[in-house]
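Welcome! Take a moment to look over the chain below, and then we can walk through it together in a few questions.

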Amino acid sequence: TNFFKSIEEKILDEDNEEILFNYNNIRNLSEKIIIEEINKIEEKKRGLFFQEIILDFFEYKLFKVFRNKKTRDFGLDGLIEINIEPFGNLRLGLQVKYKKIDSKDLDLLINALSFAEVKVGVLVCKDAGRLDKYNVSSKLKAMLIGKENKIDIKNNMSINPVFILKFDDILDIFSHEVRGVVEMIYKK
């Protein structure tokens, strides 16, 4: 059974309105359940367990997920396939790190994406340090924003082909999803 589906069921089975009707309480309970399950696992196997939890999250969100073997080769942990009409299927390479990542981890993922001939990746981690190397430099921004150029550049425009999701982001997304289910059921 899907890890996140089982958490959702536990929360929905709660007979506690303070949890059901409060996003923060749903998030806190979800985090507590996940951390407790991770801490039950032998420390050297927690990374692989975290990887399985994250893959379950994408399946919970109804993405088509292809799981790769657990080889510890710093390659992709899986692929996510998204059908974008009318353009067809988009494949995202997925790598999960049970640690705080830095730019070296992004470099490894970009290399793995290239090797797998996948153009876009998702890196899910416990946390992330500063990733300045992957933001457009101020000189490049100045050139792109020049009077002749009408490109709209945001402050931190990213030039890498990788989306970064932290564990907190996963918890936020999941908690909003569960809160939405509660609202549909109870209309409160």
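Q: Is Glu117 buried or exposed?
A: Buried means under 20% relative accessible area, exposed over 50%, and partly exposed in between, with a 1.4 Å probe and protein chains only. Glu117 has a relative accessible area of 67%, so this residue is exposed.

Q: What kind of model is this, and how are its residues numbered?
A: This is a predicted model, where local features need pLDDT of at least 70, side-chain atom pairs count only at pLDDT 80 or more, and totals for chains, interfaces and linings use all residues. Side-chain values use heavy atoms, leaving out hydrogens and water, and residues are numbered from 1 along each chain as its sequence is written.

Q: Where is Glu117 found, and what is its phi?
A: Helices (H or I, at least four residues) and strands (E, at least two) are DSSP runs, numbered from the N terminus. Glu117 sits in the loop between α5 (103–116) and β4 (120–128). Its phi is positive, in a residue other than glycine, and is near 60°.

Q: Is Leu62 buried or exposed?
A: Leu62 lies in the loop between α4 (46–60) and β1 (64–67), and its phi is a positive value near 70°. Its relative accessibility is 77%, so Leu62 counts as exposed.

Q: Which element gives the largest share of the largest nonpolar core?
A: A nonpolar core is a set of buried Ala, Val, Leu, Ile, Met, Phe, Trp, Tyr and Cys residues joined through side-chain atoms within 4.5 Å. The largest one has 33 residues, and Phe4, Ile11 and Phe174 are among those with the most contacts inside it. Elements that give two or more residues to this core include α1 (3–13), α3 (23–39) and α7 (167–186). The largest share, 7 residues, comes from α4.

Q: How do the axes of α1 and α7 cross: parallel, perpendicular or oblique?
A: Axes are lines fitted to C-alpha atoms, for helices over the stretch in contact, with angles from 0 to 180 degrees between N-to-C directions. The axes of α1 and α7 come within 11 Å and cross at roughly 45°. Angles under 35 degrees count as roughly parallel, over 145 as roughly antiparallel, 65 to 115 as roughly perpendicular and the rest as oblique. Therefore α1 is, relative to α7, oblique.

Q: Which peptide bond is cis?
A: Pro86 is placed in the loop between β2 (78–84) and β3 (88–101). With omega near 5°, the cis bond runs from Glu85 to Pro86.
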